[in-house]
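The following note comments on a structure for a reader who is new to the subject. Please keep the sequence and the model in view while going through the numbered points.

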Amino acid sequence: MTDLSRITCSIDENQIATVVLNRPDKLNAIDMAMFQGVNTMIRELKKNTEIRVVIVKGNGADFCSGLDVKSLLNSKAGALKLLFKWWPTLPNAAQYFSIGWRDIPCPVIFAIH
């Protein structure tokens with residue numbers, strides 16, 4: 001389906017989507033590219049009515065070590081893009097990264113190891 005720099009997604013013959021956070025060298029820490037990749041992936045998966053379940057996992061030894069603060073501090077414009085809201089009741093990009101999964105019309109399983 002989609003293969004971005006920080007996230008990959010595959011859908012098998014049983015309509016099971018597997019989303020992989022793909023930054024194992026940084027323990028899958030969330031940088032701006034991962035924010036954008038996950039938010040794009042959520043929007044794509046919301047549109048696909050054939051999917052029966054979504055499994056989210058991390059590549060490597062860790063699921064996700066959290067926010068990569070160092071990379072986000074390098075770009076103040078990037079940090080502002082994450083926090084900016086067009087409408088007060090809608091989530092910003094940083095919030096959508098975590099709550100957007102519930103908009104997908106099927107079960108979403110996070111395989112945390």
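1. Asp31 has a relative accessible area of 6%; because this falls under the 20% limit, the residue counts as buried. It should be kept in mind that the model is predicted. The side chain of Asp31 takes part in a salt bridge with that of Arg6, with 2.9 Å from N to O. Arg6, by contrast, is partly exposed, at 23% relative accessible area.

2. Where do the two partners of this pair lie? Arg6 is in the segment before strand E1, whereas Asp31 is in the loop between E2 and H1, so the salt bridge ties together parts that are 25 residues apart in sequence.

3. A second salt bridge joins the side chains of Arg23 and Asp31, at 3.8 Å from N to O. Here both residues are buried, Arg23 having a relative accessibility of 7%. As general background, side chains of opposite charge can pair when their charged atoms come close.

4. Arg23 also meets Asp68 in a salt bridge of 3.0 Å, N to O. Arg23 belongs to the loop between E2 and H1 and Asp68 to the loop between E3 and H2, so this pair links parts that are 45 residues apart in sequence. Through shared partners, Arg6, Arg23, Asp31 and Asp68 form one network of salt bridges. The whole structure contains 3 salt bridges.

5. Asp68 is buried as well, with 13% relative accessibility. Leaving aside residues up to four places away in sequence, Asp68 touches Arg23, Ala29, Ile30 and Asp31.

6. Attention may now turn to the nonpolar interior. The largest nonpolar core has 24 residues, and those with the most contacts inside it are Val19, Val38, Leu45, Val54 and Trp101. E1, E2, H1, E3 and H4 each supply at least two residues of this core, and H1 gives the largest share, with 7 residues. In general, nonpolar side chains tend to be buried together in soluble globular proteins.

7. Helix H1 has 16 residues and spans 23 Å from its first C-alpha to its last, close to the expected 22 Å. Among its buried residues are Phe35, Val38, Ile42 and Leu45. Trp101 touches several residues, including Val38, Ile42 and Leu45.

8. Which residues make the nonpolar surface patch of about 580 Å²? They are Phe84, Trp86, Trp87 and Leu90. Leu90 lies in the loop between helices H3 and H4 and, at 47% relative accessibility, is partly exposed.

Notes:
Residues are numbered from 1 along each chain as its sequence is written. This is a predicted model: local features need pLDDT of at least 70, side-chain atom pairs count only at pLDDT 80 or more; totals for chains, interfaces and linings use all residues. Side-chain values use heavy atoms; hydrogens and water are left out. Patches are made of residues with over 30% relative accessible area and no salt bridge: like charges are joined within 9 Å, nonpolar side chains (Val, Leu, Ile, Met, Phe, Trp, Tyr) within 5 Å. Accessible areas come from the Shrake-Rupley method with a 1.4 Å probe; for residues, only the protein chains shown count as cover. A salt bridge is a side-chain nitrogen of Lys or Arg within 4 Å of a carboxyl oxygen of Asp or Glu. Helices (H or I, at least four residues) and strands (E, at least two) are DSSP runs, numbered from the N terminus. Buried means under 20% relative accessible area, exposed over 50%, partly exposed in between (1.4 Å probe, protein chains only). A nonpolar core is a set of buried Ala, Val, Leu, Ile, Met, Phe, Trp, Tyr and Cys residues joined through side-chain atoms within 4.5 Å. Contact means heavy atoms within 4.5 Å. The expected span of a helix is 1.5 Å times one less than its number of residues.
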